[in-house]
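Please open the structure in a viewer and keep the selection tool at hand. The tour below proposes one selection after another and states what is found at each stop.

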Amino acid sequence: MTFFGRTEPGPLSLRHALATVHRDQFWWLHCGGYGLATLVGLGLPLAAGFVMESLDNSRRGFASPLPPPGNVTVRSLTGLFALLIDFAFLILPILIGTMLLFVTGIVMLLAGVTDELIIQRITSSVVFGTGMVVVLLFLSSVAPAGRLRFAREGHIEDALRSATLRWTLGRANRRTFFQARLLSLVAYLPAVLLSALTLGFARITFPGHMVVLGLGLWLILSATIYAHLVVVQLYVSAERQIQ
């Protein structure tokens, strides 16, 4: 790989994170290319691997330029591991909550519970509890922290252990990770705005309707990859600040 030179991660700042990504003059080409790869349905692991490689390079002091084209198989495999971390800490709790809701419904049916108020309260409690768990896991930054551990230690099983959650919630670390999470929300604003525009166009029928929707989806995916690159810089800075 060719790098501009080794640089130490900067302060935990959104401005610094944006500047680091933009230091590569072809950042937009990377985001658009991986956004297109994701759009065709087979490029999600590849895009996740690209972001993961950017995280690994940044941790070692080579944040710019962004990772050049490399081994597609290796990058896709790395991306699958990164997606597994997100699945374990964000999607899996939702699936468990859904299963719990299903089991609760069966138990109430077998028990002969017919009172609508009781059914509504129990159902609402399960849904609320699941939602709170997911929100807390999201705000705790456990998924990005898992990616940091994966990059540092090189073993997916280490990233998926409960030690990752303890690391993010430790008294000395949780404030820094929470700050990184709040700053990361701003990075997703372009993707959110593009999603709102695309939904608006989706309700209108006109010539070239599907082309515009396809273009909108591509821009949303590209903006999401851009956000992930910014988030990488925020969490690398957070890790360095903790250490």
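## A guided tour

Begin with Ser-141, which is buried, with a relative accessible area of 0%. The model on display is a predicted one. Ser-141 sits in the loop that joins helix H5 (116–140) to helix H6 (142–153). Show its surroundings next: apart from residues up to four places away in sequence, Ser-141 touches Thr-168, Phe-177, Arg-181 and Tyr-235. The backbone also deserves inspection, for Ser-141 has a positive phi of about 70 degrees although it is not a glycine. Most residues other than glycine have a negative phi.

Next, select Leu-55, Leu-148, Leu-229 and Val-230. These residues belong to the largest nonpolar core, which has 40 residues, and they touch the most other members. Colour the elements that give two or more residues to this core: helix H1 (14–22), helix H2 (27–39), helix H3 (44–59), H4, H6, helix H7 (156–159), helix H9 (174–187) and helix H11 (209–242). Which of them gives the largest share of this core? That element is H11, with eleven residues.

Remain with Leu-229 and display its contacts. Leaving aside neighbours within four places in sequence, Leu-229 is in contact with Val-21, Cys-31, Phe-50, Val-51, Ser-54 and Leu-66.

Now isolate H2. This helix has 13 residues, and the distance from its first C-alpha to its last is 18 Å, close to the 18 Å expected at 1.5 Å a residue. Select His-30, Cys-31, Gly-32, Tyr-34, Gly-35, Ala-37 and Thr-38, which are buried in H2. Against which helices do the buried residues of H2 pack? They pack against H3, H4 and H11. An α-helix has 3.6 residues a turn, so residues three or four places apart point the same way. After H2 comes Gly-41, whose phi is positive, near 100 degrees.

Move on to the loop between H3 and H4, where Pro-65 lies. Select Ser-64 together with Pro-65: the peptide bond from Ser-64 to Pro-65 is cis, with omega near -5 degrees. Most peptide bonds are trans.

Finally, turn to the surface and select Leu-84, Phe-87, Ile-91, Leu-92, Ile-94, Leu-95, Ile-96 and Leu-160. Together they make a nonpolar surface patch of about 630 Å². Leu-84 is found in helix H4 (residues 72–111). Is Leu-84 buried or partly exposed? Leu-84 is partly exposed, because its relative accessible area is 35%, whereas Ser-141, at the start of the tour, is buried at 0%.

Conventions
Residues are numbered from 1 along each chain as its sequence is written. This is a predicted model: local features need pLDDT of at least 70, side-chain atom pairs count only at pLDDT 80 or more; totals for chains, interfaces and linings use all residues. Side-chain values use heavy atoms; hydrogens and water are left out. Patches are made of residues with over 30% relative accessible area and no salt bridge: like charges are joined within 9 Å, nonpolar side chains (Val, Leu, Ile, Met, Phe, Trp, Tyr) within 5 Å. Accessible areas come from the Shrake-Rupley method with a 1.4 Å probe; for residues, only the protein chains shown count as cover. A salt bridge is a side-chain nitrogen of Lys or Arg within 4 Å of a carboxyl oxygen of Asp or Glu. Helices (H or I, at least four residues) and strands (E, at least two) are DSSP runs, numbered from the N terminus. Buried means under 20% relative accessible area, exposed over 50%, partly exposed in between (1.4 Å probe, protein chains only). Contact means heavy atoms within 4.5 Å. A nonpolar core is a set of buried Ala, Val, Leu, Ile, Met, Phe, Trp, Tyr and Cys residues joined through side-chain atoms within 4.5 Å. The expected span of a helix is 1.5 Å times one less than its number of residues.
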